[in-house]
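Open the model in your viewer and switch to a cartoon view. The stops below say what to select and what to look for at each one.

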Amino acid sequence: MTDITVKKTSLGREIYIKGHAGDGVQKEGSVVCAAISTLAQTLAQNLFDYEDEGEVDIIGVSLKSGDAYFNYVTDNEDVNKVVDGICKGFYLVSDSFPERVAFDII
């Protein structure tokens, strides 16, 4: 099971992704893990690009197998909209595979 938690503030987001959606046996779990990994890598790259443009201050980004973390601050609402769009992808995966992914916004 993968747990995804998004903490929203007016100045940014803090996102935690923990666990594996796959059990190593079923193909469905591997596909779900691949979808989450792709979204997480896209989120990380967007944050790095926005940091290069001076639009965000990254507090932390970490991508490890079964464990990802993102934390940033910004006063640019467009950045938050892009991040929220990627988080919608996490939600859609959890909605399609609720037995493999839990998604929560705080």
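**The central pair of strands**

Select residues 12-18, strand E2, together with residues 67-73, strand E4: the two are paired in the antiparallel sense, over 7 bridges. Show side chains for tyrosine 16 and you will find tyrosine 69 of E4 standing opposite. Bear in mind throughout that this is a predicted model.

**The whole sheet**

Now bring in the other strands. The sheet is open and has 5 strands in the order E3-E4-E2-E1-E5, with mixed pairing. Colour E3 (57-64) and E5 (101-105): these strands stand at the edges with a single partner strand each, so one side of each has no neighbour in the sheet. On average, neighbouring strands are turned by 10 degrees against each other, direction ignored.

**From E4 out to E3**

Select E3 with E4. They run antiparallel and are joined by 7 bridges. Two pairs are worth labelling here. Aspartate 57 has valine 73 of E4 as its bridge partner, and leucine 63 stands opposite alanine 68 in E4. Then go to the turn: this hairpin has 2 residues between the strands, and glycine 66 takes a positive phi near 75 degrees.

**From E2 out to E5**

Go back to E2 and add E1 (2-9). E1 and E2 are antiparallel, with 7 bridges between them, and they form a hairpin with 2 residues between the strands. Label isoleucine 4, which has isoleucine 17 of E2 opposite. Next add E5. E1 and E5 run parallel and are joined by 5 bridges; valine 6 stands opposite isoleucine 105 in E5.

**Arginine 13**

Stay on strand E2 and select arginine 13. Is this arginine buried or exposed? Its relative accessibility is 6%, and since buried means under 20%, arginine 13 counts as buried. Measure from its side chain to the backbone oxygen of threonine 9: the distance is 2.9 Å. Then display what surrounds arginine 13. Leaving aside neighbours within four places in sequence, its contacts include Val6, Lys7 and Lys8, as well as Phe70, Asn71 and Tyr72. Asn80, Val83 and Asp84 are also in contact with arginine 13.

**Helix H2**

Select residues 77-96, helix H2. Its 20 residues, at 1.5 Å a residue, should span 28 Å, and the end C-alpha atoms are 28 Å apart, which agrees. Which residues of H2 are buried? They are Val79, Asn80, Val83, Ile86, Cys87, Gly89, Phe90, Val93 and Ser94. Look down the helix axis: these buried residues fall within an arc of 165 degrees, so they line one face of H2. On the other side, Asp78, Lys81, Lys88 and Ser96 are exposed.

Zoom in on the N-terminal end of H2. Asparagine 76 caps this end, with a side-chain oxygen 2.8 Å from the backbone nitrogen of aspartate 78.

**Helix against sheet**

For the last stop, return to E2 and E4, paired over 7 bridges, and keep the rest of the sheet in view. H2 packs on this sheet, touching E1, E2, E4 and E5. The direction of H2 makes about 25 degrees with that of E2. Two residues already listed as buried in H2, Asn80 and Val83, are among the contacts of arginine 13, which belongs to E2.

Notes. Residues are numbered from 1 along each chain as its sequence is written. This is a predicted model: local features need pLDDT of at least 70, side-chain atom pairs count only at pLDDT 80 or more; totals for chains, interfaces and linings use all residues. Side-chain values use heavy atoms; hydrogens and water are left out. Helices (H or I, at least four residues) and strands (E, at least two) are DSSP runs, numbered from the N terminus. The expected span of a helix is 1.5 Å times one less than its number of residues. Buried means under 20% relative accessible area, exposed over 50%, partly exposed in between (1.4 Å probe, protein chains only). The arc is that of the directions from the helix axis to the C-beta atoms. A polar contact is a pair of N or O atoms within 3.5 Å; within protein, one must be able to donate a hydrogen and the other to accept it, and residues adjacent in sequence count only if both atoms are side-chain atoms. Two strands pair if DSSP finds at least two bridges between them. Axes are lines fitted to C-alpha atoms, for helices over the stretch in contact, and angles run from 0 to 180 degrees between N-to-C directions. Contact means heavy atoms within 4.5 Å.
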